[in-house]
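Reader: I'd like a close look at one part of this model, and then how the rest fits around it. Could you walk me through it?

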Amino acid sequence: MDFLFYMGDVFTPINFGLLLLGTIGGLILGATPGLSPTMAVALLIPFTFQLEPQQGLILLGAAYTSTVAGGAVSAILLKIPGAPANIATTLDGHTMATKGEGAKALQLSFLASAVGGLFGVFLLIFLTPVLAQWALAFGPSHLFWLAILGVTVIGTLDSSSVVKGLLSGCIGLWLATIGFDDIMGAQRFIFHPSVSGGINVIPALIGLFAIPQVITMFTKGRSSDDAEVISVKKHPIRLAFLEVFKRKAALTIGTLTGSIIGLIPGVGGQIAGLVAYDQSKKFSKESEKFGTGHSEGVIAAESANNAMVGPSLVPLLTLSIPGSPTAAVLLGGLLIHGIFPGPDLFMNYPQVAWTFIDSMLIGQILMCIFGLYIAGLAASVARIPHAVMAAIVLGLAVFGSYSVQNSMGDVYVMATLGLGMYFLERFGFSAAPLVLGLILGPIAEANFIQGSMIANATVGIGSYFFTGWLNWLLIVIVLASISYSVWMEVAQRRYTTKDDAVAKEEALS
Amino acid sequence: MTDLPRNQHIIASGLIAGVGVSIAYISFTQEPADAFVFPRLISSVFAVLALWTFGKAVLGKTKVGNGISGDAMKKMLPGLIVAIIYIYWAAKGLGFYTATAIAFFVLVSLYDPAPHTEFKTWLKRIAITAGFMAVMYGLFAGLLNVFTPREIFF
């Protein structure tokens, strides 16, 4: 019950103020189409430099939680999902809004998000210490395989092409080797003075997530979005409460689906929402009403995408393997404060870890309260023209990258990686595995070298890295994730025409 | 798939394969060899996957990625040029705040759907730029104490 011991720290004036700021800001950012939770959190990192570690994490955690929920506002009122996680919400939420039930849809979405989110954070609270204890037994070979697992799972499950996903992961792992080698002090791949100290993770994250969005906004030209905000009529909150708890099946399916999917590294909220929606529809007595503005659709999708948030941090806090791209960005937020998550995080920095987790618990409640009240404002912000949004994001990306080390080199790295990522994305590569490779590369290399030294002095490299049940388990999971993704890719191709695939890709981009 | 994306796929995957093979070559030839053990491992996989992707592109079997259409390129190019000049030259050459203000104003003007002929539109763009710069100055110079390059202007 350590989490109760540190609960009071969340309510210190600064911590609580940051929690409020992150929650309200996150709701507004989340409602803005084009600003994904990952990008919002990446742009916020430079603002945490001067804060204490737990304060910075509170801000980032609150933003993560509420951007996911805030995306429902534009999904419901504008039919534009604020984030990929809110795609499923659009199906019934917007239809409800067009029928004059916009307020009800928003209330249901925030209440379901809070229930799912609270369950997910409780899972984080109770699973994390158990896994952290277990992870203490991990040696260098296991940590090496874990890092490879993190890259391959995201590379295969998060990408539309297995080979391109793995290739993105390799690019990230290679980028992580640029600079001076830790053991020999030798120069590696230093082709420009800007990268002589290696690639700093924060500017890289900002570039990889923000710049492709900016260029995508440029490609829309001088067109206006013309999204009409549907006016919201009042709806008693008491009735929304009753509705959420009346639809127990949808709430339970959404919450459980989101939590389980959140625990699997690489599978994001987008899938959680869609899978939960699909399962709720299958088990519902009113399945024919789905898609026509049915409350169960909103409840299932929103409870799932917020239930995913807490569990997605379990592998990050216990094994230092980020479960999602946003978790990878949060890892960057930890690293800038010199804190490395993993088995000993709860022993060395219990206050930081538990205050952060507790703040996510309180953040879910705040998100629900404020979400209900500022939905209208958030929808107005969501209508900011893309020209202004692109210029704002570009300015923030440049200033944010520069402020990391007061270095123009970081700005150049940010811009170059971002520009490259935009073109890579157009050819089917994705940013998530590249980021994971960049972050997990040093972990993989350090443990590979350490393991090799131990192996050379004892049983030999083959035996050290390829024997033992834990090594085997991790290798089997790596191979299983690749095989499953290849099988899915082949099966999907068999049933999807090329035109369908192109249309789907256009819609997602 | 039309010919345009196919050619684009060949060029893009060819470039990546070139990078992959170069990295592998450097990893296997640079000294001290001990510093390149891990890069060798990574670059070998990188090169194999990149050549595989290139091969598929040459054979026209690439299934994922729509490439960039001429229309999208035409629309993005002005913004891209402004962004590149801003980041790689103006931010350092003119000073961070001056360059940001100019780039912001130019980008908003370039992509704003409102007609360029109306005086009110320009006034609105100037006001938005001024507001944004005030927030950026407050946040970075005031709150975070970030000392940005001043150079010619500010």
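Which domains does the domain assignment give for chain B? And once that's settled, take me over to the side of chain A that touches chain B.

Author: Happy to, and keep in mind that this is a predicted model. For chain B, the assignment gives domain 1, covering 3-58, and domain 2, covering 70-143. Going by C-alpha atoms, the centres of domain 1 of chain B and domain 2 of chain B sit 37 Å from each other.

Now for the place where the chains meet. Here 56 residues of chain A are in contact with 50 residues of chain B. On chain A's side, the helices that each supply at least two residues are α8 (162-177), α9 (201-218), α18 (386-405), α19 (408-426), α20 (431-457) and α23 (498-508). The largest share comes from α18(A), with twelve residues. Sort that side of chain A by class and you get 33 nonpolar, 13 polar and ten charged residues.

One more stop in chain A, at a single residue: Leu44(A), part of helix α4, which spans residues 37-44. Leu44(A) counts as buried because 25 other C-beta atoms lie within 10 Å, and the cut-off for that label is 20 or more. Leaving out residues up to four places away in sequence, Leu44(A) touches Leu59(A), Leu60(A) and Ala63(A). If you want a longer-range distance to go with that, take Ser259(A): Leu44(A) and Ser259(A) are 215 residues apart in sequence, and 26 Å apart in space from C-alpha to C-alpha.

Notes: Residues are numbered from 1 along each chain as its sequence is written. Chains are lettered from A and ligands numbered from 1 in the order in which they are written. This is a predicted model: local features need pLDDT of at least 70, side-chain atom pairs count only at pLDDT 80 or more; totals for chains, interfaces and linings use all residues. Domain bounds come from an automatic or database domain assignment. Helices (H or I, at least four residues) and strands (E, at least two) are DSSP runs, numbered from the N terminus. A residue is buried if 20 or more other C-beta atoms lie within 10 Å of its own, exposed if 12 or fewer, and partly exposed in between; C-beta atoms are placed from the backbone. Two residues are in contact if their C-beta atoms, placed from the backbone, lie within 7 Å. Ala, Val, Leu, Ile, Met, Phe, Trp, Tyr, Cys and Pro count as nonpolar, Asp, Glu, Lys and Arg as charged, and the others, Gly among them, as polar.
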